Amino acid sequence: MRSLFLILIIVLGALFINNSIQPEIVIEEPEIYLSISEIIDETNKQRTTPLKENQLLNSIALFKAEDMLNNQYFAHISPLGKEAKDLADNFNYNYIVIGENLAMGMFENSAQLVQDWMNSPGHRENIVSNKYTEIGVGIVRGVYKGEDTWMAVQIFGTPRDVCPEPNSNLLNQINNLQSSLESIEVKINNIKSKINQDPYNNQYISEHNNLVNEYNKIHDQLKPLIDDYNQQINENNQCLSKYGIN
């Protein structure tokens with residue numbers, strides 16, 4: 001009986017020692033991180049043609065995200081009445097078209113954020129639309145109305161130079177030649193009045209004919225320039241129409 005009692009003490013002591021060194025298990029929720037590059041990658045997975053990241057659009061998107069958090073609003077139009085096109089103008093981003101997606105919440109990852117946008121018809125349209133060629137993303141984490149949250153912004157755009165504008169130097173040349181024609185036409189009309197009063201005055205007739213020749217010469221120079229400029233306008237309009245601009 002004595003030996004049995006001793007064994008029990010030893011076993012209980014061993015159990016007590018094992019409990020004392022057992023590490024405490026602490027379960028922590030994984031930290032949530034969103035990534036600009038991942039958001040763009042996940043966005044491009046939804047498209048037939050990938051969007052190109054634009055650093056200026058990134059800056060616009062970040063400004064919008066920070067502005068919403070700092071001023072505690074969640075809307076496309078700020079309390080000051082500013083929207084995406086106004087920010088693009090402020091950041092000197094010259095565009096044909098521009099669009100914006102907003103999101104707020106605690107997302108598992110960048111893929112879930114993009115999927116949430118895809119589940120919304122309006123946001124999905126921006127993501128898959130071929131009228132956009134570039135993208136910028138802004139993400140910021142902070143407190144919104146007392147809750148920890150992410151603010152995420154996508155800015156979509158197509159730069160103006162995708163559709164080359166008609167040559168401004170050519171237009172100036174056309175305008176100068178047209179001004180010359182108008183000036184010569186005035187002179188022709190004046191000399192005609194003199195000829196009507198003195199129809200046999202050879203000096204008037206010679207001056208008139210010289211002016212007409214000069215007019216016709218400039219007119220011949222002007223016509224192909226106008227044709228060229230009109231062709232450039234047509235090409236520009238056709239390009240713009242691909243992006244929904246009529």
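## Exercises on loops, rings and strands

Asn92 lies in the loop between H4 and E2. The model is predicted.

**Exercise 1.** Describe the backbone and the accessibility of Asn92.

*Solution.*
Step 1. Check phi. Asn92 has a positive phi of about 60°. Asn92 is not a glycine.
Step 2. Check the accessibility. The relative accessibility of Asn92 is 62%. The cut-off for exposed is over 50%. Asn92 therefore counts as exposed.

**Exercise 2.** Find the aromatic pairs in the structure, then classify the pair of Phe63 and Phe91.

*Solution.*
Step 1. Search the whole structure. Two aromatic pairs turn up.
Step 2. Take the pair of Phe63 and Phe91. The centres are 5.9 Å apart, and the planes make an angle of 70°.
Step 3. Apply the cut-off. Planes over 60 degrees apart count as edge-to-face. The pair of Phe63 and Phe91 is therefore edge-to-face.
Step 4. Locate both rings. Phe63 sits in helix H3 (residues 55–71). Phe91 sits in the loop between helix H4 (84–90) and strand E2 (95–105). The two residues are 28 residues apart, and the pair links distant parts of the chain.
Step 5. Check the accessibility. Phe63 has 39% relative accessibility. For Phe91 the relative accessible area is 26%. Partly exposed runs between the 20% and 50% limits. Both Phe63 and Phe91 are therefore partly exposed.

**Exercise 3.** Work out the strand order of the open sheet and name its edge strands.

*Solution.*
Step 1. Read the order. The sheet has four strands, in the order E1-E3-E4-E2.
Step 2. Find the edges. Strand E1 (52–53) and E2 each pair on one side only, and they are the edge strands.
Step 3. Compare directions. E1 and E3 pair in the parallel sense over two bridges. Strand E3 (residues 134–144) and strand E4 (residues 147–159) pair in the antiparallel sense over 11 bridges. The pairing in the sheet is mixed.
Step 4. Pick out partners. Glu53 has Ile135 in E3 as its bridge partner. Arg141 stands opposite Trp150 in E4. Val143 stands opposite Asp148 in E4.

**Exercise 4.** Describe the turn that joins E3 and E4.

*Solution.*
Step 1. Name the motif. E3 and E4 form a hairpin, with two residues between them.
Step 2. Look at Lys145 in the turn. Its phi is positive, about 50°. Lys145 is a residue other than glycine.
Step 3. Contrast turn and strand. Lys145 has 57% relative accessibility and counts as exposed. E3 is mostly covered, with nine of its 11 residues buried.

**Exercise 5.** State which strands H3 and helix H6 lie across, and at what angles.

*Solution.*
Step 1. Take H3. H3 lies across E1, E2, E3 and E4, and runs at about 20° to E3.
Step 2. Take helix H6 (residues 121–128). H6 lies across E2 and E4, and runs at about 135° to E2.

**Exercise 6.** Compare the separation of Asp161 and Asn94 in sequence and in space.

*Solution.*
Step 1. Place Asp161. Asp161 lies in the loop between E4 and helix H7 (168–197). At 64% relative accessibility, Asp161 is exposed.
Step 2. Give both separations. Asp161 and Asn94 are 67 residues apart in sequence. C-alpha to C-alpha, the two are 8.1 Å apart in space.

**Exercise 7.** Which elements have the lowest and the highest mean pLDDT?

*Solution.*
Step 1. Start with the chain. The average pLDDT is 88, and 87% of the residues score at least 70.
Step 2. Rank the elements. Helix H1 (residues 2–21) has the lowest mean, 33, and E1 has the highest, 98.
Step 3. Examine residues 1–23. Their pLDDT is below 50. Beyond near neighbours in sequence, this stretch has zero contacts in the model.

Technical notes
Residues are numbered from 1 along each chain as its sequence is written. This is a predicted model: local features need pLDDT of at least 70, side-chain atom pairs count only at pLDDT 80 or more; totals for chains, interfaces and linings use all residues. Side-chain values use heavy atoms; hydrogens and water are left out. Rings of Phe, Tyr and Trp (its six-membered ring) pair if their centres lie within 6.5 Å; planes under 30 degrees apart count as stacked, over 60 as edge-to-face and the rest as tilted. Buried means under 20% relative accessible area, exposed over 50%, partly exposed in between (1.4 Å probe, protein chains only). Two strands pair if DSSP finds at least two bridges between them. Contact means heavy atoms within 4.5 Å. Axes are lines fitted to C-alpha atoms, for helices over the stretch in contact, and angles run from 0 to 180 degrees between N-to-C directions. pLDDT is the predictor's confidence in each residue, from 0 to 100.
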